[in-house]
Amino acid sequence: MLVACLLVPGAVRAALPTPDFSLEWRHSIEHTRWQENYTITDGRIAVTRARIEGMGAGMDTGEGAHFDGSGWTWKPSIAPLPEIVLTLSPYTADYRLCAGGQCRSLYEWARVKPGSTDVVTLRPCSAPVSR
């Protein structure tokens, strides 16, 4: 089974427990929540759903978005990605990463010092075999 591995330059730090995961963060200017759901399919990362609390600076909804009373939801029409590259910074809020019923900060998943500046890459990989 393919899942997403979290890489910090030079090392694999973690493998997610399932091929499906979500990322949440707060927009650095608007301070509204943004969420994207993903799945690993055919060796790539496919975005299956996006949701934002409100529109603002660089935060437009995609085609077919609907408002549910607290935010806008839609299915982005982008091709599956080979990887997702995220930057952790002490100047912006942390990401929240959820997979297999476990939700933690990206700092915690990637096992890097909270408040540090790091680049974390999510890339499809084979799930480790439990023994």
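Guide: Quick ground rule first: buried means under 20% relative accessible area, exposed over 50%, and partly exposed in between (1.4 Å probe, protein chains only). This is a predicted model, so local features need pLDDT of at least 70 and side-chain atom pairs 80 or more, while totals for chains, interfaces and linings use all residues. Residues count from 1 along each chain as its sequence is written, and side-chain values use heavy atoms, with hydrogens and water left out.

Visitor: Okay, is Ala127 buried, exposed or partly exposed?
Guide: Find Ala127 in the segment after β11; strands here are DSSP E runs of at least two residues, numbered from the N terminus. Its relative accessible area comes to 25%. That figure is why Ala127 counts as partly exposed.

Visitor: Which residues does Ala127 touch, leaving out those up to four places away in sequence?
Guide: Touching is contact, meaning heavy atoms within 4.5 Å. With the residues up to four places away set aside, Ala127 touches Met1 and Val3.

Visitor: And how far apart in space are Ala127 and Gly69?
Guide: In sequence, Ala127 and Gly69 are 58 residues apart. In space, going from C-alpha to C-alpha, the separation of Ala127 and Gly69 is 38 Å.

Visitor: Let's do sheets. Which strands stand at the edges of the open sheet, each with a single partner strand?
Guide: Two strands pair if DSSP finds at least two bridges between them. Seven strands make up this open sheet with antiparallel pairing, ordered β6-β7-β5-β4-β3-β9-β10. Each edge strand has a single partner, so one side of it lacks a neighbour in the sheet; the two are β6 (66-67) and β10 (102-105).

Visitor: Where does β4 meet β5, which residue takes a positive phi?
Guide: β4 (33-41) and β5 (44-52) run antiparallel over eight bridges, and Ile40 has Ile45 of β5 as its bridge partner. Their hairpin has two residues between the strands. The positive phi, near 50 degrees, belongs to Asp42.

Visitor: Over on β7, what stands opposite Arg51?
Guide: β5 is joined to β7 (72-74) in the antiparallel sense by three bridges. Opposite Arg51, in β7, stands Thr73.

Visitor: What is the bridge partner of Leu23 in β9?
Guide: Look at β3 and β9, which run antiparallel and are joined by four bridges. In β9, Leu23 is partnered by Leu97.

Visitor: How many bridges join β1 to β11?
Guide: β1 (2-8) and β11 (118-126) run antiparallel. One of the partnerships puts Leu7 with Thr121 in β11. The number of bridges joining β1 to β11 is six.

Visitor: Which residue in β11 stands opposite Leu86?
Guide: β11 also pairs with β8, antiparallel again, over five bridges. Facing Leu86 from β11 is Val120.

Visitor: Last stop, Ser89: why does it count as buried?
Guide: Ser89 sits in the loop between β8 (84-88) and β9 (96-99). Ser89 counts as buried because its relative accessible area is 17%.

Visitor: And what does Ser89 touch, not counting residues up to four places away in sequence?
Guide: The heavy-atom contact rule applies to Ser89 as well. With residues up to four places away skipped, the list for Ser89 reads Tyr107, Ser116 and Thr117.
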